[in-house]
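Visitor: I work at the bench and would like to learn how to read a protein model. Could you walk me through one?

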Amino acid sequence: MNLRFSSLKGFASVWKKDFLGHQGFLLPFLPRKKQIKLGQEMEIEINVEGEGWGTIWAVAVWKNVFGMIDENTPRGVFLRIIKMDPHFERKVGSLIS
């Protein structure tokens, strides 16, 4: 799977340093062609502004497709990172500093 962001702002809008105690991506969109099931593990290439940021391995741990939407239960699917390559880790770390 690939996640491509045309801007750093787009990346920041889905990156969650702490969502339910985990680090990963809260995707408010669910690609129609790609159904993501809870518990599904995937390898994801991250690309921001045309630059490859590396690979992460994630598992879908939370999903709200049809339920109530509020601050605590946003719409989408959360992909919890279980492993990340060092390049991605450095890129994300540089956003904080």
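Guide: We will go through the sheet, the core, and then a few single residues. Please keep in mind that this is a predicted model.

Visitor: Let us begin with the sheet. In what order do the six strands lie?

Guide: The general idea is that strands of a sheet pair through backbone hydrogen bonds, either parallel or antiparallel. Here the sheet is open, its pairing is mixed, and its order reads E1-E4-E5-E6-E3-E2.

Visitor: Which strands stand at the edges?

Guide: Those are E1 (2-5) and E2 (15-19); each has a single partner strand, so one side of each lacks a neighbour in the sheet. If you look across the sheet, the twist from one strand to the next averages 40°.

Visitor: How do I read the pairing of E2 with strand E3?

Guide: Look at the direction of the strands and at the bridges between them. E2 and E3 (residues 22-27) run antiparallel and are joined by three bridges. To find the spot in your viewer, look for Trp 15, which has Phe 25 of E3 opposite.

Visitor: And how many bridges join strand E4 to strand E5?

Guide: Eight bridges, in the antiparallel sense, between E4 (residues 41-48) and E5 (residues 51-64). Asn 47 and Gly 52 of E5 stand opposite each other. The hairpin of these strands has two residues between them, and Glu 49 there takes a positive phi near 50°.

Visitor: What does E5 do with strand E6?

Guide: E5 also pairs with E6 (residues 76-84), antiparallel and over eight bridges. One pair to look for is Ile 56 with its bridge partner in E6, Met 84.

Visitor: Now the core. Which residues touch the most other members?

Guide: The largest nonpolar core has 21 residues, and those with the most contacts to other members are Phe 11, Phe 25, Ile 46, Leu 79 and Phe 88. Among the elements that give two or more residues to this core are helix H1 (8-14) and helix H2 (86-96), along with strands such as E1 and E3. Ile 46 is a good residue to select: leaving out residues up to four places away in sequence, its contacts include Leu 3, Phe 11, Phe 25, Trp 53 and Phe 88.

Visitor: Is Ile 56 buried or exposed?

Guide: Ile 56, in strand E5, has 0% relative accessibility and therefore counts as buried. Beyond four places in sequence, its contacts include Phe 25, Ile 44, Ile 46, Ile 81 and Phe 88. The C-alpha atom of Ile 56 is separated by 9.2 Å from that of Glu 89, which is 33 residues apart along the chain.

Visitor: Which side chains meet in a salt bridge?

Guide: The count comes to one salt bridge, and its side chains are those of Glu 51 and Lys 91, at 3.0 Å from N to O. This pair links distant parts of the chain, with Glu 51 in strand E5 and Lys 91 in helix H2, 40 residues apart. Glu 51 is partly exposed at 36% relative accessible area, and Lys 91 is also partly exposed, at 21%.

Visitor: What about a polar residue such as Asn 64: is it buried or exposed?

Guide: Asn 64 lies in strand E5 and is buried, with a relative accessible area of 7%. A polar atom of the Asn 64 side chain lies 3.2 Å from the backbone oxygen of Pro 74. Apart from residues up to four places away in sequence, Asn 64 touches Thr 73, Pro 74, Arg 75 and Gly 76.

Terms used: Residues are numbered from 1 along each chain as its sequence is written. This is a predicted model: local features need pLDDT of at least 70, side-chain atom pairs count only at pLDDT 80 or more; totals for chains, interfaces and linings use all residues. Side-chain values use heavy atoms; hydrogens and water are left out. Two strands pair if DSSP finds at least two bridges between them. Helices (H or I, at least four residues) and strands (E, at least two) are DSSP runs, numbered from the N terminus. Axes are lines fitted to C-alpha atoms, for helices over the stretch in contact, and angles run from 0 to 180 degrees between N-to-C directions. A nonpolar core is a set of buried Ala, Val, Leu, Ile, Met, Phe, Trp, Tyr and Cys residues joined through side-chain atoms within 4.5 Å. Buried means under 20% relative accessible area, exposed over 50%, partly exposed in between (1.4 Å probe, protein chains only). Contact means heavy atoms within 4.5 Å. A salt bridge is a side-chain nitrogen of Lys or Arg within 4 Å of a carboxyl oxygen of Asp or Glu. A polar contact is a pair of N or O atoms within 3.5 Å; within protein, one must be able to donate a hydrogen and the other to accept it, and residues adjacent in sequence count only if both atoms are side-chain atoms.
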